[in-house]
Amino acid sequence: MNNIVVLISGGGSNMRALVEASRREDWAARYGARISLVLSNRPDAGGLAWAREQGLATAVVDHRFYAQAPQPRESFEADLIRHIDAHAPALVLLAGFMRILTPGFVARYAGRMLNIHPSLLPAFTGLHTHQRAIDAGCRYAGATVHEVTAELDHGPILAQAVVPVLPGDDADTLAARVLSQEHRIYPQAVAERLRQLGN
Ligand code: GRF
């Protein structure tokens, strides 16, 4: 079985879209794949409760717990890796996971770790992408699914979706329009990657 581990930090709407697509499109039968773990760095992440209700395995590695550790990032990631590797995943999906990962962690999952970013990369890497697009006077915005590499928000692009920036838009209204497209392109890009894995 191709196990898929999804990392979240918040509401988890992208994780939910992935889980629902995996069931609707029967990834188990079609690609021999299943979402086997939802992992969060925040115990209060809203997506965890939903994942548990769905009968999915969940785990929490609270990054704040490592603040006093000699190497906070590496210690945090060592525990993340322990949970992830227990599932020997074919894919690791970052879905609203808001921690910057070390090059060592990224190298461990090279070629099998994907991320969804709420802008049309390479434009607007980092945070506050919607407000920055509005402030720049962009007529279009969007989202990008990309492979994760050591340089933040710079890996090979697998899918993109474009939405208009409408008069009167603020960061929230634009974010909502982009998010609905994220829920479409992330499952599509993952299914395409699973199809390739099967070849
Ligand atoms: C999404 O816009 C995603 O692109 C970004 O964080 C947001 C998280 O949304 N990285 P959710 O937690 O999946 O609802």
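Colleague: How many nonpolar, polar and charged residues does the shell around the ligand have?
Modeller: By class, that shell has 3 nonpolar, 5 polar and 1 charged residues. Ala, Val, Leu, Ile, Met, Phe, Trp, Tyr, Cys and Pro count as nonpolar, Asp, Glu, Lys and Arg as charged, and the others, Gly among them, as polar.

Colleague: What kind of model is this, and how are residues numbered?
Modeller: This is a predicted model, with local features needing pLDDT of at least 70 and side-chain atom pairs pLDDT 80 or more, while totals for chains, interfaces and linings use all residues. Numbering runs from 1 along each chain as its sequence is written, and side-chain values use heavy atoms, with hydrogens and water left out.

Colleague: Good. Which residues are around the ligand?
Modeller: Gly11, Gly12, Ser13 and Asn14 are there, along with Gly96, Ile116, Pro118, Leu179 and Glu182. Each has a heavy atom within 4 Å of the ligand.

Colleague: How far is the side chain of serine 13 from an oxygen atom of the ligand?
Modeller: An N or O atom in the serine 13 side chain is 2.5 Å from a ligand oxygen. That is a polar contact, meaning a pair of N or O atoms within 3.5 Å.

Colleague: And what about asparagine 14 and glutamate 182?
Modeller: With asparagine 14, a polar backbone atom is the partner, 2.9 Å from an oxygen atom of the ligand. With glutamate 182, an N or O atom of the side chain is 2.7 Å from a ligand oxygen. The protein covers 79% of the 360 Å² of accessible area that the ligand has on its own, an area from the Shrake-Rupley method with a 1.4 Å probe.

Colleague: Which elements give two or more residues to that shell?
Modeller: Helix 1 and helix 7 do. Helices (H or I, at least four residues) and strands (E, at least two) are DSSP runs, numbered from the N terminus.

Colleague: Changing topic: which residues does the cis peptide bond join?
Modeller: Leucine 121 and proline 122, with omega about 10°.

Colleague: Where does proline 122 lie?
Modeller: In the loop that runs between strand 5 and helix 6.

Colleague: Last one: what is phi of aspartate 26?
Modeller: Near 50°, so a positive value, and aspartate 26 is a residue other than glycine. Most residues other than glycine have a negative phi, and most peptide bonds are trans.

Colleague: Where is aspartate 26 found?
Modeller: Aspartate 26 is in the loop between helix 1 and helix 2, the latter being 27-31.

Conventions. A polar contact is a pair of N or O atoms within 3.5 Å; within protein, one must be able to donate a hydrogen and the other to accept it, and residues adjacent in sequence count only if both atoms are side-chain atoms.
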